[in-house]
Amino acid sequence: MTQPRPPRLHDNAERDSDAKQKRKVAEIYQVLNNEPVDIAPLRRMAISEGGLLMDEIRCKVWPRLLNVNIDDLLPAPEEELRENSKDYQQVLLDVRRSLRRFPPDMPDEQREGLQEELIDCILQVLQRNTQLHYYQGYHDIVVTFLLVVGERLAATLVEKLSTHHLRDFMDPTMENTRHILNYLMPIIDQVNPDLHDFMQR
């Protein structure tokens with residue numbers, strides 16, 4: 001009589017991981033279902049291992065983390081947005097080079113449509129906030145929001161992010177950015193010494 005095969009370690013680890021994810025999803029929804037929503041546990045779960053796990057949850061949590069009212073989104077961009085923008089040519093170049101930020105199996109037509117939305121999303125935020133200055137790499141941040149929440153909510157979230165969390169990086173010069181970067185390596189050394197040592201090689 002053959003003995004039953006003992007469970008593989010891989011199977012056990014996968015089951016543990018699934019159970020852990022389900023618990024985390026339940027915890028997130030429990031927080032979201034309470035009024036007023038307590039932002040602290042959402043922030044803690046967002047930066048924990050695995051983050052917010054799935055786009056459905058990100059769509060609900062990101063507006064909460066940024067204190068954005070999803071019933072008060074930015075309007076659709078104006079038709080003359082591009083011709084009135086001093087940043088259009090640079091944004092266009094960066095977005096055209098951003099193919100790797102889109103899923104590889106996405107049809108060309110869909111990707112091209114999203115790239116057009118990405119351009120408008122960036123230009124609209126800059127047009128509405130003339131104190132902000134575009135920098136290369138900004139489009140990588142914006143496309144993350146666009147792919148998850150869609151154009152209108154993405155523009156609203158990115159505007160809030162840009163006028164608050166990213167504000168110091170959107171000055172006319174790099175002076176503030178350089179000043180902030182002076183603190184980066186000491187912070188990484190405190191949080192993760194191995195990563196710090198690796199980056200110093």
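Buried here means under 20% relative accessible area, and exposed means over 50%, with partly exposed in between. Keep that handy for these close-ups, which all come from a predicted model.

**View 1. Arg 82 and Asp 120 join up in a salt bridge.** The two side chains meet at 2.9 Å, N to O. Arg 82 sits in the loop between H3 and H4 while Asp 120 belongs to helix H5, so this pair ties together parts that are 38 residues apart in sequence. Is Asp 120 buried or exposed? Its relative accessibility is 18%, so Asp 120 counts as buried. Arg 82, at 21%, is partly exposed.

**View 2. Arg 82 also pairs with Glu 116.** This salt bridge comes in at 2.8 Å, N to O. Glu 116 is in helix H5 (residues 108-128) and Arg 82 is in the loop between H3 and H4, so here the linked parts are 34 residues apart in sequence. With 29% relative accessibility, Glu 116 counts as partly exposed. Step back a little and you'll find a network of salt bridges linking Arg 82, Arg 96, Glu 116 and Asp 120. Searching the whole structure turns up 12 salt bridges.

**View 3. Arg 128 reaches Glu 159 through a salt bridge.** Their side chains meet at 2.8 Å, N to O. Arg 128 lies in helix H5 and Glu 159 in helix H7 (residues 151-163), so the pair ties together parts that are 31 residues apart in sequence. The two partners get different labels: Arg 128 is partly exposed at 43%, whereas Glu 159 is buried at 13%.

**View 4. Four glutamates make a negative patch on the surface.** Its members are Glu 78, Glu 79, Glu 80 and Glu 83. Take a look at Glu 79, found in the loop between helix H3 (55-65) and helix H4 (88-96). Why does Glu 79 count as exposed? Its relative accessible area is 82%, and the cut-off for exposed is over 50%.

**View 5. Tyr 183, Ile 187 and Val 191 form a nonpolar surface patch.** Together these three have about 350 Å² of accessible area. Val 191 is part of helix H9 (residues 184-191), and its 68% relative accessibility makes it exposed.

**View 6. Residues 52-201 carry a UniProt label.** The unreviewed UniProt entry annotates this span as "domain: Rab-GAP TBC". In the model, the span is 59% helix and 0% strand, and its end C-alpha atoms lie 32 Å apart.

Technical notes
Residues are numbered from 1 along each chain as its sequence is written. This is a predicted model: local features need pLDDT of at least 70, side-chain atom pairs count only at pLDDT 80 or more; totals for chains, interfaces and linings use all residues. Side-chain values use heavy atoms; hydrogens and water are left out. Patches are made of residues with over 30% relative accessible area and no salt bridge: like charges are joined within 9 Å, nonpolar side chains (Val, Leu, Ile, Met, Phe, Trp, Tyr) within 5 Å. Accessible areas come from the Shrake-Rupley method with a 1.4 Å probe; for residues, only the protein chains shown count as cover. Lys and Arg count as positive and Asp and Glu as negative; His and the chain ends are not counted. The place of a charge is taken as NZ of Lys, CZ of Arg, CG of Asp or CD of Glu. Helices (H or I, at least four residues) and strands (E, at least two) are DSSP runs, numbered from the N terminus. Buried means under 20% relative accessible area, exposed over 50%, partly exposed in between (1.4 Å probe, protein chains only). UniProt positions are given in the numbering used here, feature names are shortened, and annotations may be inferred rather than shown by experiment.
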